[in-house]
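Notebook open, structure loaded. I want to go through a few spots one by one and jot down what turns up.

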Amino acid sequence: MAGNLFGLTDLRMNARELRSKYLEFFESKGHLRHPSSRLVPIDVTGKLDETLLFTGAGMVQFKPYFRGLAKPPSTRLTTSQKCVRAVDIEEVGNRSHLTFFEMLGNFSFGDYFKEGAIQYAWEFLFSADWLALDPQRVCVTVFEDDDEAFDIWAEMWKSNGFDPLKKIHRLGEDKNYWPAGAFSNGPPGPCGPCSEIFYQTVDDSHMTGDYRTDEAAGRWLEIWNLVFMQYEWKGCLRDPQNPHLGYEKTGMDRLPKPCVDTGMGLERTACVLGGFEQVYDTDVFKPIVDKICQIVREQSRLTKAGLPEGSAQVLFVDRTNFNFGEDEQADRSVRRISDHIRTASLCIADDITPSKQGRGYVLRRLIRRAMIAAWLKLGIKRSFLKELYDGVEAALADPYHELTELKPVIQKKLSDEEERFRKTMGDGYVRLSNTISNKQQGVNRGVINGAYAFELYDTFGFPLEVTQEIAAEKNLTVDIEGYETALKQAQQKSRAAQGPVEKFGGANEPIVLVASDRAVPQTVFVGYENTTANAEIVQISPRFDPNGLATGDLQVCLDQTPFYAESGGQVGDTGVIESPTLRLQVTNTWKEMGQIWHDCRLEMLEPPHRIQGMEPEQLRDWLNKGQLFQTVTAKVDADRRRAITRNHTATHLLHAALRQVLGKHVTQAGSLVAPDRLRFDFTHREAMTEEQIAQVERLVNEQIARAALVGIADNVPIQSAKERGAMMLFGEKYGERVRVVEVPGFSIELCGGCHVRSTAEIGLFKITSESSSASGVRRIEAVTGFGSYEWVAEQEAALLQAARLLKTHPHDLVKSVEKLLDQTKELKKERDALLRKSPAADAQETQVGPVTLYRQIVEIGGAEAGKIAVDRLAGKHPLGVALVAAKDQEKLIFFCKSGSEAVKLGAHAGNLAREVAKMTGGGGGGSAGFAQAGGKDPNKLREAMEKAPELLAAQLKEE
């Protein structure tokens, strides 16, 4: 640590303190503290922003507020938003770039504007009551045409004794406009100039005095950005057939209510306040960095101890005394690993799973880049991510409690992905080594082809760095230029496929949201005890088809509702919302940011009004007239809800039973609680045995037979719930006070779902399947109540039908089946014996040079008869080749066998079988001595078999 690197002598403030100070400051200025949204970009109306992979800024969830589509709970909000940006992932490893970061933000929706935002920033940064930074080390930038912002800043600087011209720098739209470059190029939507605040990171003696030069050299660190949303950019695509050509500007109207969107980087500002050289020295990184160094030292000691005497200096780098800050190349890897493990852990906590596309692909790439950095630069070649997670928890569990609550699940997913990539690395190593050893296409004159290296990466996930390392071991190089060319081509194809991206909007579907004057920020749920309630419609959002016309379906928000919103695996309720003049059929219920939304079909409206086919603005105008904002009765489908509650309580019993039978490592990894069935995913590596399944099923049904009362306690302190051993489920977020659901003496979990009053209401619990869901995750599906009756009735019907077919009683069915199987075995033995003894009367015998070719088509008996026939024909003829085609229903199976002497003369059973099979639309092959192939077209069989002598003759000539 550099004690006064930034000119700070006494001031020290860590990231936790900074976060708290920021939020307290803006609360003191009348801002409402708003929770961080998830890393999956879902806005305050519950809509997924399909233009983004991740939440990358504090304003993302508030887009409907900025656009005037929804009413904010306050015109002033403040947040600490968790963000992920992976655009410049290659930069991670330097001293300031991050993929996960926290954005401290303050927002004004038609309230204060530029003057207020700049005054708040000045007070928070320089006031002795808050951060008390030295203004001598701060400068700001503004958009080159934004005279208003320039004048406000100039007055601030001048009144505090500074020359404004030395403190304010005008930059173009590529630097100081949001979105970047939008002033000229769009896209359509709200936009505006911005003002960035920078802190000087070096002593005055290192400064050139030219802002652009010093900023490019990293002597200025951006810590805060103030965005002034004041225009509506208007335009259209230059060429709709070629959207990549961008937009043509037609106008720039001022917004009726300008807004402010700001973002201060928590890690960067904490770096400044701590007097550190880099963000990785702050408290939100240090536990992770320390853990990496510990792992490196331990790995080095183990590796050194296992080396033969005298070889330690040949290929081994001794890192037994490794510390961060002593080797820049090693430090870059430590930074990369630290950043990527933070991002990966928080993504998994938000229910993002490694995969081949989208968010999952980015997550997988981060984990793999961390592993590569550990392997290539730090010598960590064992599994380590699970162990490293302890550092993540120490650094970030305050305020992200889910990192502790979901620790087993997150560690499991990290370990599974690590194991999967180690296998990929092994497979890629074998593939590349074989290519090199066999001098296959891809290696030429000591150089591995760049396109081939990219194929290894793009198709098989094998990193370029590893390819280079293996190449160096073999005294080869990699064509980097060719690799980069292939990479650029792939990127261009990807961009062309995506088309233009709207930087502000949500999905392609138009968004219209109309709120009444009585709209509430939080919907009151009254449905635990009641399935009917009086309520008022307070917000409406219509749905639109791909042509931008209303479908007639609506999303409706009530001030209070008995409808349970989909959550924790429990599906959303259905039912009706009605009044004397209105009837809405509710098809689903869901929740986002405290508001419960009902997907509805409009079935009746008096006086009638047809909304289907209306355009967005036309429909907005009609909705604003308020005909739908009325008092209604909300009725949940009670029978469906009861079925759901049976299955939900059964999942709790199932979870507890699995932990008893399989072990305490079992944790929930996902669930579905529907009216007709339940599905439960849990962490466990092996398939359950029949005995284990039966034992779990019995334990659950024993609890049902107890008719135990289900205890539900609301508003329980979370620490108290933890002390009682309550299970905390994957993907759920918990506050300081929680809801506890307990089956006394058997199960206790935190859960916001709907449950039965007594376990007896579940009826019967029956597991219908147990299977693999993902690597290290098993899945159970089950039924309860009437669903169990239907399942039993279906099984009984099948049992009776089987008994009738075997002409026996159901109680004797097993004995009858065993008897039938014994008879079948005997008949098969007799058939096989007859096939082996019978002469090959229909086999053709053809002399091909010194080799005898035997051909036969087996019409009955299928594959088994074909194998017997080829063995019988080949017999002990060393100069014989047997080719048999067996018909198996609509398919053909070819068997070919070559004698030892025939093989020496060039006969190859695999090639012969493959070529014959090809003629019938199939393929296959095998070794020179024996092969099997498949065919598809029986009509071409005889023609193919007739070609066999010619094909065999060609083999003998080649030899």
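Which residues is Asp146 in contact with, leaving aside its neighbours within four places in sequence? I looked this up in what is a predicted model, and got Lys114, Arg170, Pro193 and Phe228.

**Entry 1, Asp146.** I placed Asp146 in the loop between β4 (138–143) and α4 (147–159). Its relative accessibility is 5%, so I put Asp146 down as buried, the cut-off being under 20%. Among its contacts I singled out Lys114: the two side chains make a polar contact at 2.7 Å.

**Entry 2, the cores.** Next I asked which residues touch the most other members of the largest nonpolar core. I found Trp153 and Trp224, in a core of 124 residues. Helix α11 (residues 358–378) gives the most to this core, with ten residues. I then pulled the contacts of Trp153, again without its neighbours within four places in sequence. My list for Trp153 reads Ile118, Trp122, Val140, Val142, Ile168, Ser195, Ile197 and Leu226. There is also a second, separate core of 29 residues, and I noted Ala656, Val696, Ala708 and Ile780 among its members.

**Entry 3, a sheet.** I turned to an open sheet of three strands, in the order β24-β25-β26, with antiparallel pairing. Which strands stand at the edges? They are β24 (711–717) and β26 (747–750); each has a single partner strand, so one side of each is left without a neighbour in the sheet. From one strand to the next I read an average twist of 25°. Between β24 and β25 (residues 737–743) I counted five bridges, the two strands running antiparallel. For a landmark I took Gly711, which stands opposite Glu742 in β25. Helix α19 (residues 638–662) packs on this sheet and touches β25 and β26. I noted about 115° between the direction of α19 and that of β26.

**Entry 4, salt bridges.** How many salt bridges does the structure hold? I have 52 written down, and I looked at a few of them.

- Glu27 and Arg33 meet through their side chains at 3.0 Å, N to O. I have Glu27 as partly exposed, with a relative accessible area of 35%, and Arg33 as partly exposed too, at 41%.
- Arg518 pairs with Glu536, and the closest N and O atoms are 2.5 Å apart. Arg518 lies in the loop between β13 (514–515) and β14 (524–525) and Glu536 in strand β15 (residues 532–544), so I noted that the pair ties together parts 18 residues apart in sequence. I marked Arg518 as exposed, with a relative accessible area of 51%, but Glu536 counts as buried at 14%.
- Asp681 and Arg779 meet at 2.7 Å, N to O. Why did I keep this pair? Asp681 is in strand β23 (residues 678–683) and Arg779 in strand β28 (residues 777–784), so the salt bridge ties together parts 98 residues apart in sequence. Asp681 is buried at 7% relative accessibility, whereas Arg779 is partly exposed at 23%.

Last item for the page: which residues do salt bridges with shared partners join into one network? I wrote down Arg95, Glu277, Glu328 and Arg335.

Key
Residues are numbered from 1 along each chain as its sequence is written. This is a predicted model: local features need pLDDT of at least 70, side-chain atom pairs count only at pLDDT 80 or more; totals for chains, interfaces and linings use all residues. Side-chain values use heavy atoms; hydrogens and water are left out. A nonpolar core is a set of buried Ala, Val, Leu, Ile, Met, Phe, Trp, Tyr and Cys residues joined through side-chain atoms within 4.5 Å. Buried means under 20% relative accessible area, exposed over 50%, partly exposed in between (1.4 Å probe, protein chains only). Helices (H or I, at least four residues) and strands (E, at least two) are DSSP runs, numbered from the N terminus. Contact means heavy atoms within 4.5 Å. A polar contact is a pair of N or O atoms within 3.5 Å; within protein, one must be able to donate a hydrogen and the other to accept it, and residues adjacent in sequence count only if both atoms are side-chain atoms. Two strands pair if DSSP finds at least two bridges between them. Axes are lines fitted to C-alpha atoms, for helices over the stretch in contact, and angles run from 0 to 180 degrees between N-to-C directions.
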